[in-house]
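I opened this notebook to keep track of what I looked up, one topic per entry.

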Amino acid sequence: MRRLSFIAALLISFGAAAQTYTLEDCRRLAVLNNVATRTSRGAISISDEQEHAAFAGFLPQVSGSLLGFWSPEPMLSLDLSDYGLAEAGNPGSKLEYLQKGFTAGITVMQPIYSGGQIAAGHRLSRLGQSVSRMQNVLTEQETALTAERYYWQVVTLSGKLRTVALADSTMSRLRQDVSSAVAHGTRNRNDLLRVELQLNDNAAERSSLEKGLRLSKRLLAQYIGVRADTLEIALPDDFDELPPRPVTQGDISPESGVRYQLISKAVEEKELNLHLEQGKLLPRLSVGAGYAFDNLFGAPNNGVMAFGIISIPISAWWGDRHGVKARKIELENARALRADQEELLLLEAERLRDEVDDAWRHLELAKLSEEAAAENLRICLDSYNYGLISMTDLLDAQLQYSQSRDDYIDAYASLMLKQREFHYLCTNE
């Protein structure tokens, strides 16, 4: 029994082995597994089917029919004696028809001109395809950006836990030195108590960060579709190095972004709707051919015919023309809205460009502050060991270093997210 329990525990431990995910892994899995992106991919399939259906309007319309019947009594009966056509010896002879039989036929109709409605409808379906693909890109961008926010939240908390671990390491070594100095009477016991208090503060902060990290990992795991108990995050290789200054000038513009392109598609849709409405006022021309076969009157009968149809919608001129006016107003409104939204996107691009520049400058200053704080802590440790400064000054130096390191971590994550937002605004990737 013990052996079986050991084997089961071993299998569970293998099944729950941690797996490390990079930022690109998180973004890829979010796009692959998230409900919103799966739904948007389904919308693309729907638009493809609608385009196929609209294209069928250009093709001949073929219809067939088959009718069979039986009646207890003939539906058509002629008494020949009434017309003096009775056969000799059979004065009551009759002709009876339509008691049973069938008729079948096939008709082919080819639209020649429909006021442009078929062409406009097909163009509208092609536009729907393009829009659904753009909306899918936009959904994938938003999904990946959300996953990236969760990722950097995990990275930030993990980095701050490393800061607490560094502070604990420094304070632990200092506690050993101060304990030895107190034992030899060269240091005040109050210094040792101050170190103990700082270690307790570190323990409290570490507990709070660990709780936040567990919750953040669960959020990220749920969003990208993996198990939370197997999720481990790989920190960026260059996390402790200042990244190169981002390029936010030059040809980078929101006009290349999917959001900007979707605004123009809305105007194009209104233009096509106007063409459809105008087509209702125009004549329609179709040609066709048909074949029919029946045995309704006893003997087989068949025939072929060709025909043409011209339909002129006369009453539409005092009815549907109001729909044309309404579509023109909708088109003007769409154009005005496009101009307004394009201006807002340009302003948003400028805002994000400035925020990316500010984030990089903030990160640069945070890096300088961290390096200065690290050097100040080293000097203060040496100075305290030589009795040149008090424990208060040393703990202040340790606190400044921890704060400067946390500021660098926050600034790094903020820069990465701002860069990604600006990238998505100005591209369709």
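**Entry 1, surface.** Which residues make the nonpolar surface patch of about 1,000 Å²? I am working from a predicted model, and in it I find the patch made by I112, Y113, L282, L285, V287, I310, I312, I314, W317 and W318. When I asked which elements give two or more residues to this patch, I obtained β5 (100-113) and β7 (284-294). I then looked up W317 separately, and noted that W317 sits in the loop between β8 (301-311) and α7. W317 counts as partly exposed, because its relative accessibility is 46% and the partly exposed class runs between 20% and 50%.

**Entry 2, the nonpolar cores.** I turned next to the interior, bearing in mind that nonpolar side chains in soluble globular proteins tend to be buried together. The largest nonpolar core holds 48 residues, and within this core W152, I224, L231 and I233 touch the most other members. I listed the elements that each supply at least two residues of this core, and they are α2 (23-33), α4 (117-183), α5 (189-224), β6 (231-233), α6 (258-279), α7 (320-385) and α8 (391-426). The largest share, 12 residues, comes from α8. A second core, separate from this one and made of 15 residues, includes L174, V195, L199 and L394.

I followed I224 further: leaving out residues up to four places away in sequence, I224 touches C26, L29, A30, N33, A147 and L231. Since C26, L29 and A30 are among the buried residues of α2, I checked the rest of that helix and found L23, R27 and V31 buried as well. The cover over the buried residues of α2 includes β1 (19-21), α3 (35-55), α4, α5, β6 and α8.

**Entry 3, two single residues.** I looked up T230, which lies in the loop between α5 and β6, and recorded T230 as buried because its relative accessibility is 8%, under the 20% limit. A polar atom of the T230 side chain lies 3.1 Å from the backbone oxygen of R227.

I also looked up H275, in helix α6, which is partly exposed with a relative accessible area of 35%. Setting aside neighbours within four places in sequence, I find H275 in contact with A120 and R123; H275 and A120 are 155 residues apart in sequence, yet their C-alpha atoms are 6.5 Å apart.

**Entry 4, charged pairs.** How many salt bridges does a search of the whole structure find? I noted 28 salt bridges, and I examined several of them one by one.

- R149 and E421 meet through their side chains at 3.8 Å, N to O. Because R149 is in helix α4 and E421 in helix α8, this pair ties together parts that are 272 residues apart in sequence. R149 is partly exposed at 37%, and E421 is partly exposed at 22%.
- E268 forms a salt bridge with K265, with the closest N and O atoms 3.8 Å apart. They are 3 residues apart in helix α6, so about one helical turn separates them. E268 counts as partly exposed at 30% relative accessibility.
- R351 and E348 form a salt bridge at 3.8 Å, N to O, and both lie in helix α7, 3 residues apart, about one turn of the helix. R351 is partly exposed at 39%, as is E348 at 21%.

My last look-up was a network of salt bridges, which links R162, D240, K367, E370 and R405.

Technical notes
Residues are numbered from 1 along each chain as its sequence is written. This is a predicted model: local features need pLDDT of at least 70, side-chain atom pairs count only at pLDDT 80 or more; totals for chains, interfaces and linings use all residues. Side-chain values use heavy atoms; hydrogens and water are left out. A nonpolar core is a set of buried Ala, Val, Leu, Ile, Met, Phe, Trp, Tyr and Cys residues joined through side-chain atoms within 4.5 Å. Buried means under 20% relative accessible area, exposed over 50%, partly exposed in between (1.4 Å probe, protein chains only). Helices (H or I, at least four residues) and strands (E, at least two) are DSSP runs, numbered from the N terminus. Contact means heavy atoms within 4.5 Å. Patches are made of residues with over 30% relative accessible area and no salt bridge: like charges are joined within 9 Å, nonpolar side chains (Val, Leu, Ile, Met, Phe, Trp, Tyr) within 5 Å. Accessible areas come from the Shrake-Rupley method with a 1.4 Å probe; for residues, only the protein chains shown count as cover. A polar contact is a pair of N or O atoms within 3.5 Å; within protein, one must be able to donate a hydrogen and the other to accept it, and residues adjacent in sequence count only if both atoms are side-chain atoms.
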